[in-house]
Amino acid sequence: MNAEGYEFLDEDKNQDEIRTELSHMSFEDLQKLKEKLGTKVYNETVFGSRKKKEVIFKRENKNRPREMSTKKQVPRFREIIQVKKHIPRDPRFDSLCGDFNEKAFRNAYSFINDIKKENLVTLKSELQKTDDPKEIKKIKYLIQRLENQLREQKRKNMKEEKQIEEKKLIVKAIKSGQKPSFKKKSEKKVLDLISQYEELKNSGKLKTHIKRLRKKALHKSRPQMEQASWTNTKVE
């Protein structure tokens with residue numbers, strides 16, 4: 001049976017007319033028709049589409065829970081009470097918290113340096129009392145860490161004070177009608193090194209600093225010396 005024999009499957013025909021025409025077809029032709037159309041389309045054409053009957057469960061009392069069908073799978077996660085979603089905010093990257101002002105931050109938390117100084121005094125007193133080598137090593141590490149933090153903060157404060165003083169001199173020169181002098185980066189670098197030298201000299205740590213710089217320079221130059229030695233040996 002070819003495709004031209006399926007003209008009875010016209011949308012204008014009703015289901016009764018299609019059934020009448022199918023009743024005059026042989027079983028072999030019906031089987032070929034089913035294979036060509038597919039089981040689903042064939043059944044809908046012959047028997048009509050099945051409509052699922054929607055069952056509405058009613059409650060005798062509005063305060064009772066609603067009855068649900070046992071044939072419908074219950075979702076695994078069900079939101080019983082709607083909870084407001086918490087979105088974490090990081091003030092460092094949140095525009096609502098404004099821009100970071102280092103000076104205002106330092107002034108607001110200036111008391112932390114006082115706490116560090118008190119902790120430094122406490123650690124030094126504990127260092128004199130203890131005899132445990134592990135505890136001594138730990139306390140020395142904490143003391144060195146606090147001293148470095150306080151020294152770095154002091155250096156930043158001095159640098160900021162110099163910048164403020166330079167700005168005041170520039171403004172004063174402009175107001176008096178003189179030409180302001182702006183220092184170059186190289187000059188500022190030399191002045192910073194001089195102030196660092198004076199600070200290390202006054203604290204008695206100049207020799208240690210020079211020794212550390214020499215050790216660092218030797219560590220950097222060692223690979224180059226080994227490479228040069230290896231090259232000379234290869235040439236010979």
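Me: What covers the buried residues of H6?
Reply: Keep in mind this is a predicted model. Buried here means under 20% relative accessible area, and in H6 that includes Ile 139, Ile 143, Leu 146 and Leu 150, along with Glu 147 and Gln 153. The cover over these buried residues includes helix H4 (102–108) and H5.

Me: How far apart are the end C-alpha atoms of helix H6, and what span should its residues give?
Reply: Helix H6 runs over residues 133–175, so that's 43 residues. At 1.5 Å a residue they should span 63 Å, and the model agrees, with the end C-alpha atoms apart by 63 Å.

Me: Which residue just after H6 takes a positive phi?
Reply: Look just past the end of H6. The phi there is about 85 degrees, and the residue is Gly 177.

Me: Is Ile 112 buried, partly exposed or exposed?
Reply: Ile 112 sits in helix H5 and belongs to a nonpolar surface patch with Phe 100, Phe 105, Tyr 109, Phe 111 and Ile 115, about 620 Å² of accessible area together. Helix H5 gives the largest share of that patch, three residues. The relative accessible area of Ile 112 is 34%, so Ile 112 is partly exposed.

Me: Where in the protein chain does pLDDT stay under 50?
Reply: The chain averages a pLDDT of 77, and 81% of the residues score at least 70. Among the helices, H5 has a mean of 92, while H1 (residues 15–23) has a mean of 69. Where pLDDT is low, don't read the predicted coordinates in detail. The stretch under 50 is residues 1–6.

Notes
Residues numbered from 1 in each chain as written. Predicted model: local features only at pLDDT ≥ 70, side-chain atom pairs only at ≥ 80, totals over all residues. Heavy atoms only, no water. Patch = residues over 30% accessible without salt bridge, like charges linked within 9 Å, V, L, I, M, F, W, Y side chains within 5 Å. Areas by Shrake-Rupley, 256 points an atom, 1.4 Å probe, with all protein chains shown as cover. Salt bridge = Lys/Arg side-chain N within 4 Å of Asp/Glu carboxyl O. Helix = DSSP H or I, 4+ residues; strand = E, 2+ residues; numbered from the N terminus. Buried < 20%, exposed > 50% of the residue type's maximum accessible area, 1.4 Å probe, protein only. Expected span 1.5 Å × (residues − 1). Contact = heavy atoms within 4.5 Å. pLDDT = per-residue confidence, 0-100.
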